[in-house]
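Visitor: I should like to take a close look at a single part of this structure. Please describe one side chain and its surroundings, and then place it beside other parts of the fold.

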Amino acid sequence: MRTDELDYHLPEDLIATDPPADRDGGRLMVLGRRTGERAHHAVRDLPALLPASGVVVLNDTRVIRARLRGKKPSGGQVEFLLVRALDPAATRWCAMARASKGLRDGTTAHIDDQLAVRVLGRDDEGLFVVELLTDDPWAAMERCGEIPLPPYMRRRPEAADAERYQTVFAARPGAVAAPTAGLHLTEAMLEALQRKGLRIAQVTLHVGPGTFLPVTVDDLDVHPMHAEWYEVPNETAALVRAAKAAHEPVIAVGTTVVRALESWSLTGPSHGETRLLIQPGYEFRVVDALLTNLHLPRSTLLALVMAFGGVEAVRAAYNEAAR
């Protein structure tokens with residue numbers, strides 16, 4: 001796919017910087033995957049729109065307070081964005097970093113009087129490898145880290161974001177961004193889906209910062225995808241297989257669920273790292289329906305949605321949404 005096919009006009013004032021008053025208070029466009037037909041609803045209509053059988057799959061990752069701001073020994077400002085833990089104790093991480101001057105190997109930055117970050121080197125993707133110098137890394141992040149809001153929101157996190165920038169089913173810490181489609185769902189809605197006859201299942205995909213990176217190459221084939229860790233539990237795998245055998249739909253809540261399920265179907269293992277780039281021409285093996293937010297121009301997320309719903313149909317839907 002050529003990257004310019006992922007362009008569309010997005011006025012700045014159409015980008016929400018705060019959530020709606022109610023999680024399920026957003027607007028919802030329904031796009032027929034085979035017909036291209038469009039209909040306008042509200043998110044809270046979702047239980048009435050879905051069939052009475054099938055599996056709804058959620059991403060239960062939890063956003064961590066991954067942004068750490070501190071000072072180098074010279075007094076210069078430094079900011080780390082923790083991306084991926086490299087050991088079970090969460091003491092060593094891959095991280096992105098910004099500093100008043102370059103960061104050398106061995107530099108130790110102090111975040112507060114109980115947490116320091118030491119730069120160890122770089123990994124194969126060019127990310128920093130850092131060590132958290134503290135007795136309890138998770139407690140230290142909770143104490144002095146920030147929730148890393150998406151850059152397009154153009155504001156610092158507020159107290160309310162600690163709750164609203166997590167899904168109601170977030171359970172496994174490790175993401176640096178929320179699986180945003182899931183932010184619209186409430187516990188009451190999930191109960192309504194189950195009463196209707198749908199089964200609820202979970203996967204985990206720890207969303208990395210690569211989800212925000214714009215595509216800068218002309219050909220999407222050569223865009224470098226950062227690795228993201230995922231797991232498809234045995235219970236979820238069994239529900240998905242049963243649904244496919246019964247010709248019932250597998251409904252993904254978010255592009256991260258799509259990538260987790262499709263990675264699992266392609267490679268076999270129930271967990272690991274994925275760099276799967278889905279673009280038009282991809283043949284979906286698992287997912288039959290998708291609930292997703294609108295995505296930025298020139299993003300791999302938009303390419304995935306166009307692969308699922310059709311390039312022209314999705315482009316027309318985006319233009320209608322803007323209008």
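Guide: In this predicted model, the side chain of Glu 79 makes a polar contact with the side chain of Arg 69, at 2.7 Å. Glu 79 belongs to strand β6, which spans residues 77–85. Its relative accessible area is 11%; because buried means under 20%, Glu 79 counts as buried. Apart from neighbours within four places in sequence, the residues in contact with Glu 79 are Arg 67, Leu 68, Arg 69, Met 96, Ala 97 and Arg 98.

Strands appear elsewhere as well. An open sheet of six strands, with mixed pairing, follows the order β15-β13-β12-β3-β14-β16. The edges are taken by β15 (271–274) and β16 (289–291); each has a single partner strand, so one side of each lacks a neighbour in the sheet. On average, neighbouring strands of this sheet are turned by 30° against each other, direction ignored. Strand β14 (residues 250–253) and β16 run parallel and are joined by three bridges. Within this pairing, Ile 251 has Ala 289 of β16 as its bridge partner.

Helices offer another kind of packing. The axes of α7 (residues 300–309) and α8 (residues 311–322) come within 7 Å and cross at roughly 115°, and the crossing is right-handed. From α7, Leu 302, Val 305, Met 306 and Gly 309 make the contact, while α8 contributes Val 311, Ala 313, Val 314, Arg 315 and Tyr 318. Of the residues in this contact of α7 with α8, seven are nonpolar, one is polar and one is charged.

Definitions and conventions. Residues numbered from 1 in each chain as written. Predicted model: local features only at pLDDT ≥ 70, side-chain atom pairs only at ≥ 80, totals over all residues. Heavy atoms only, no water. Pairing = 2+ DSSP bridges. Helix = DSSP H or I, 4+ residues; strand = E, 2+ residues; numbered from the N terminus. Axes fitted to C-alpha atoms, helices over the stretch in contact; angles between N-to-C directions. Buried < 20%, exposed > 50% of the residue type's maximum accessible area, 1.4 Å probe, protein only. Polar contact = N/O pair within 3.5 Å; in protein donor to acceptor, adjacent residues only side chain to side chain. Contact = heavy atoms within 4.5 Å. Left-handed = near helix turned anticlockwise from the far one by under 90°. Nonpolar A, V, L, I, M, F, W, Y, C, P; charged D, E, K, R; others polar.
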